[in-house]
Structure formats: structure tokens, C-alpha cells
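Welcome! Have a look at the sequence and the 3D structure, and then try the exercises below.

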Amino acid sequence: MSTSIGNLSADNHVKARIDRQFENMSPALQKAAAWLRKNTYKAVFMSIKDIALAAEVSDATVHRLCSVLGYSGFNELKKDLKADELSLRTLRRLEKNLEAPPSSFMQKAIEIELQNLQQTFTPELESSLHEAADMLISARRIYVVGWRMTLSVAHSLYYQLHLVFGNAVLIPSATEITEHLAFIGEDDVLLAMHFPRYSRIITQTVDEAKERGARCIIMTDSPLAPSFCRSDTALVAATDSPGFLDSYVTPLLISQLLIQLIALKQPDQIKAQLRKQEQLFEDFGMFRP
């Protein structure tokens, strides 16, 4: 069952352990191990009973598999499963794409984006969007945090929030976080982009903001995000892509929906602010040839 991905992985990764032990396993253990190797991400969120049912083996077989792989118990195995999901993501995706290049790259990209939309836009997301919109409407100041690739989402959302409220602050790099955190407090809202590889500094920022009494909204791709349980509400967006980097089409769409929802909740305020903006555009002749 060895693959080139296994060669990229550290020796203690779950898939590498399975590859080393697979030939010596009983048929039942091989069945459980094969399912686990193929469904690492799913297993992170499942119990022993869930995995046993999915793999069509007994609970005892899953327990034995943990031992055969060198783990003291199921929780230790799940800890490594989570670490595996966050490591070598770009290399894993690149190798997968090189092994099976699509007949039409553009068609494959469209199909994946449609899957992202279907996975993302659920009743749970709609409820979270309402919670997030209410928090932002009542905020004294809104701090928006997003770095590297997520800066595209953070900057767009910051611009729109500042356009309608005038109280948004963009924190564009980790080097400036402490200066802004010194002022954050009650009645403020932190809106953080927290996508793989789940920056430790973002987690610390959310913790510090919460300690200072601020409410926190995170936009992320999974409950695996360390800040997921720390936030007041989370906007979860699927970011799968046909390439080796994540796609942020769905997070950008969520940011648009969030602004639209705010406008629906505060139509008079938003109209008044936009009229002021349009008048200023006219006064400054910003769009005249």
C-alpha cells in the first residue's frame, strides 16, 4: 500500500505506520487499516464505534489496530490523524494531481467549486451568518485579521465593513498584532481568517481578544481549526481545489453574503452611509474622465 506520499511523510505519521505494518496484519486489521488510510480526515471526527461501522469491522478490531500501530489508545491515534491532515498539504495535493491529471482542468475546477458551495451553504451557515451580522452591527470597533493567502478575503471584507460602518481596522501582518490588541476590549469584535496551516498567532490573537472581553468571529475551513471552539461563532467554508493551494472562492462569497445581510438588517443606516460616499465621490470627481 505504499505511495510516494508515504515517502514524503515522517516515519510516525499514521499512513506511514500503516504501510510498515500492513503485510503483517490479519485480514480484519487490514480492512480497518485500509479504510483508515483512505479516510483520515473523516476519522478525526469519529468515535471507535463509528469507524468500526464504516470499515465493517468490530470495535475490538479498531482497538487492536491502535495497538498494532504503536499507540497507547484511540485518543493518541486521533491526535496523529489530526497532525497528518495539517502536514504536507500542498505536496500531497500536487502529487495527487500529477498522478491523475484531469481531462479538462477547467471543468474539474468548476466541479470542485460547486462541491465547495454545496458543502458550505447549509442551514448552519445561515444561522452563523445572522449571529456574525448582529455582532458586527453592534460592535464599537471591528478588527479584521488575515494573512498570506487569506489576506485577499480579509482585505475585501475590511473594505466593505469600513465602507458601511467606518469603524473597521485591518491588521495586515503578524508584526502589527500587539499594537492593535492593546486597544481591543469590550464591545469590540475580532473577525479572524483561520485557514490551514492554522497560524498559532491567530489562535493566540483570538485567546487574547476573548480575555479582553471582545467577541470573536472566525472564518475557517473546518472544526479542526484551533480557534473553532474559542470563537463566539464560526463561518465554515470548504476550500478544496484542483491545485496544490486552497481555493478562497467560497470564503469570498461568504463575505459578500455577510455584507448583504448587514444591509438587510440595517437598511436606513447603510443607505445613509452610501449616500454620503456617493456625494464624496462626486465632490472629489473620482470617476470623471
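Two exercises with worked solutions follow.

This is a predicted model, in which local features need pLDDT of at least 70, side-chain atom pairs count only at pLDDT 80 or more, and totals for chains, interfaces and linings use all residues. Residues are numbered from 1 along each chain as its sequence is written, and side-chain values use heavy atoms, leaving out hydrogens and water.

**Exercise 1.** Work out the strand order of the open sheet and find its edges.

*Solution.* Start with the elements: helices (H or I, at least four residues) and strands (E, at least two) are DSSP runs, numbered from the N terminus. Two strands pair if DSSP finds at least two bridges between them. Following the pairs gives five strands in the order β2-β1-β3-β4-β5, with parallel pairing. Here β2 (168–171) and β5 (233–236) are the edges; each has a single partner strand, so one side of each lacks a neighbour in the sheet. Now look at one pair: β3 (residues 189–194) and β4 (residues 215–220) are joined by six bridges. Across this pair, Leu191 stands opposite Ile217 in β4.

**Exercise 2.** Describe how helix α3 packs against helix α5.

*Solution.* Fit axes to C-alpha atoms, for helices over the stretch in contact, and take angles from 0 to 180 degrees between N-to-C directions. For α3 (residues 27–38) and α5 (residues 48–55), the angle is about 105° and the axes are 9 Å apart. That makes α3 roughly perpendicular to α5 (65 to 115 degrees; under 35 is roughly parallel, over 145 roughly antiparallel, and the rest oblique). Finally, list the contact (heavy atoms within 4.5 Å): α3 brings Lys31, Ala32 and Trp35, while α5 brings Ile51, Ala54 and Ala55.
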